[in-house]
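Trainee: Could we go through this one together? I'd like to practise reading strands and charged pairs.

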Amino acid sequence: MLHGHLPYVLHHGSYPHGEHWLYEAAAETYLPLLDMIGEAALLKARPGITIGLTPVLLEQLVHPRFKEGFEAYLIERTARAKQDEKEFVKAGRSHEAYLARRWQESFTKSLEQFRRIGRDIPKEFAARWNEGHIQLLTSNATHAYMPLLLNDKMLSAQMTAGVAASTRILGRQPRGMWLPECAYRPHWPHWLPAVLFDNARDRPGVEKYIAAAGVSHFFVDTTMMERGTPMATYHKQTLRPLPPPPIPPEQGMAWGSVLEPAGVVSDYGPPEVFALARHPKVSEQVWSGKIGYPGAGEYMEFHRKYGENGLRYHKVTGNTTPLSDKSLYYPDDIAAKVHEHAQHFCGVVRQTLEDYKRATGRTGTVIAPFDAELFGHWWFEGPRFLRDVILNLAHDPQIKLQTAEEALYDRPADKVVRLPEGSWGEKGDHSVWINDKNKWMWEVEYRAEGYFLQQLHSLPWKTDAEVKAVMQRAGRQLLLLQASDWPFVVHTGGAVDYGIQRLSGHATNLNRALAIAQDVAAGKVLTVVQKSELADMDAHDNIFVDIDLEWWL
């Protein structure tokens with residue numbers, strides 16, 4: 001399962017933080033993934049992979065600004081490679097000149113591919129979905145961290161807006177979703193806000209909002225499934241309650257196993273949604289900093305570039321090798337190493353399933369979720385690895401490559417659990433997204449929620465089209481403000497200034513829009529400054545064009 005996501009960056013900076021992120025991802029991940037899916041299909045190997053494309057990513061990939069900017073980016077990268085080749089030839093560095101020519105061919109091919117598919121990457125993924133090769137997932141609108149949002153209506157709006165955008169762009173509604181950061185919260189009758197407000201309140205479980213948006217399944221991290229509380233057995237929609245834990249082992253239901261899906265409820269009752277959990281051993285073959293395949297010395301080194309914002313010509317060499325001592329990249333060494341790693345990965349999958357069958361007598365489902373950008377962007381050889389894995393497993397008579405939706409249909413969940421609160425963050429809790437570095441961002445977010453809802457219920461937007469238009473701008477700013485990316489980049493230190501700038505900017509625009517809406521409702525003539533402020537919002541943030549204020553009611 002590949003999770004594709006980038007925050008909204010169009011018209012918000014270029015390099016190092018901004019549109020360049022999106023162009024890199026499209027060139028190094030999304031176009032190569034489409035190529036890989038097509039190649040596997042031509043070789044009679046149905047990929048059967050599940051790909052999440054978040055609504056905010058889809059909105060950007062279909063935006064005219066992206067289409068124009070991406071073409072310019074590919075042309076610039078090609079020119080950069082040509083200039084590098086000239087410099088290398090002049091300096092007598094023949095192997096680097098050869099690598100520069102390979103970069104030229106790669107970017108030229110990407111530009112041709114982009115134009116051939118009508119410059120519409122989402123449409124091409126949707127076509128592969130409609131052909132039955134893959135499954136596409138939705139998510140909430142802007143990758144909001146749902147358990148920490150203050151008001152229930154915020155979760156409803158994020159989910160409804162996200163599903164609406166995915167359906168509009170992809171042409172059909174996805175039935176599965178990527179829960180941002182795998183962050184989940186069950187029903188709490190006395191939930192306490194993380195900051196500012198200390199009044200306990202009853203909060204429904206996140207699964208209620210997922211189900212209400214027409215989504216049937218999502219993904220969770222390992223420990224969340226392992227620590228889930230057994231609630232009932234579930235067979236052919238017949239629910240049987242369980243005695244209090246511990247569950248008698250003779251029931252043989254493999255409670256807490258990450259190799260089987262489970263219905264998700266907060267309180268006893270039939271499940272409306274189902275969860276699939278990440279398998280740790282299978283995932284760590286790629287993710288682990290110690291044993292992960294991308295750390296092999298033959299693979300391309302991501303961090304060393306030739307000049308500012310340049311291209312890459314070196315290999316990993318060794319995990320402890322300083323960047324200055326990295327050796328040159330040799331493409332001829334790659335095929336054998338990718339094959340070796342793909343064979344090993346498939347072997348781990350086979351052994352995992354065999355061991356589970358032997359121990360339980362049950363058929364297991366291995367879920368291996370990764371950030372999509374790992375394949376191609378961070379790990380240059382990643383798409384080739386995926387191709388080899390698919391070709392291997394697709395022709396294995398003991399293994400069935402399936403999408404998440406197919407797996408749930410073939411092997412329906414026969415157990416119901418209450419999941420604990422958590423995420424796939426480094427501690428399995430919320431601490432990556434709320435801590436001493438970024439706690440203040442949630443104070444801003446909570447105040448924004450309150451101010452928006454207050455004005456939504458007091459201004460006459462239902463009867464005044466001009467007020468409605470301004471309030472829709474406010475709603476758009478609120479969605480963008482709620483992206484989990486802003487506290488994340490502040491926590492990691494990867495783009496602190498950018499994260500602060502983006503959250504603060506959307507919060508400021510939200511306040512401006514609400515103040516203007518009040519003036520419009522009062523019959524005041526807008527000032528030149530106010531008109532400029534609205535025009536600036538429209539210029540920078542013209543996505544989610546079909547904002548429906550009813551989402552927050």
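**Strand partners and salt bridges**

Mentor: Sure. P230 stands opposite V417 in strand 12. Keep in mind that this is a predicted model.

Trainee: Okay, so in which sense do strand 7 and strand 12 run, and how many bridges join them?

Mentor: The P230 and V417 pair is a good place to start, with V417 sitting in strand 12. Strand 7 covers residues 229-235. Its link to strand 12 is antiparallel, and the number of bridges is four.

Trainee: Which residue of strand 12 does G263 stand opposite?

Mentor: Look at strand 9, residues 262-264. Strand 9 pairs with strand 12 over two bridges, in the parallel sense. Opposite G263 in strand 12 you'll find V416.

Trainee: Which residues lie on each face of strand 12, and are they buried or exposed?

Mentor: In a regular strand, side chains alternate between the two faces of the sheet. Strand 12 spans residues 415-418, with K415 and V417 on one side and V416 and R418 on the other. Both faces are covered, so all four residues count as buried, which takes a relative accessible area under 20%.

Trainee: Which residues does the salt-bridge network with K415 join?

Mentor: Some salt bridges share partners, and that ties residues into one network. Besides K415, the network's members are E260, R362 and D414.

Trainee: What is the N to O distance between E59 and R168?

Mentor: These two come from distant parts of the chain, 109 residues apart. E59 is in helix 2 (residues 55-61) and R168 is in helix 6 (residues 152-170). Their side chains meet in a salt bridge, with an N to O distance of 2.6 Å.

Trainee: Is E59 buried or exposed?

Mentor: Buried takes a relative accessible area under 20%. E59 has 6%, so E59 counts as buried.

Trainee: Which aspartate meets R168 in a salt bridge?

Mentor: R168 itself is partly exposed, at 39% relative accessible area. The aspartate lies in the segment after helix 17 (528-540), 378 residues apart from R168. It is partly exposed too, at 33%. The N to O distance is 3.4 Å, and the aspartate is D546.

Trainee: And which residue makes a salt bridge with E71?

Mentor: E71 sits in helix 3 (residues 64-90), and its partner is in helix 4 (residues 94-116), 44 residues apart. E71 is buried at 15%, while the partner is partly exposed at 45%. The N to O distance is 3.3 Å, and the partner is R115.

Note on methods: Residues numbered from 1 in each chain as written. Predicted model: local features only at pLDDT ≥ 70, side-chain atom pairs only at ≥ 80, totals over all residues. Heavy atoms only, no water. Salt bridge = Lys/Arg side-chain N within 4 Å of Asp/Glu carboxyl O. Buried < 20%, exposed > 50% of the residue type's maximum accessible area, 1.4 Å probe, protein only. Pairing = 2+ DSSP bridges.
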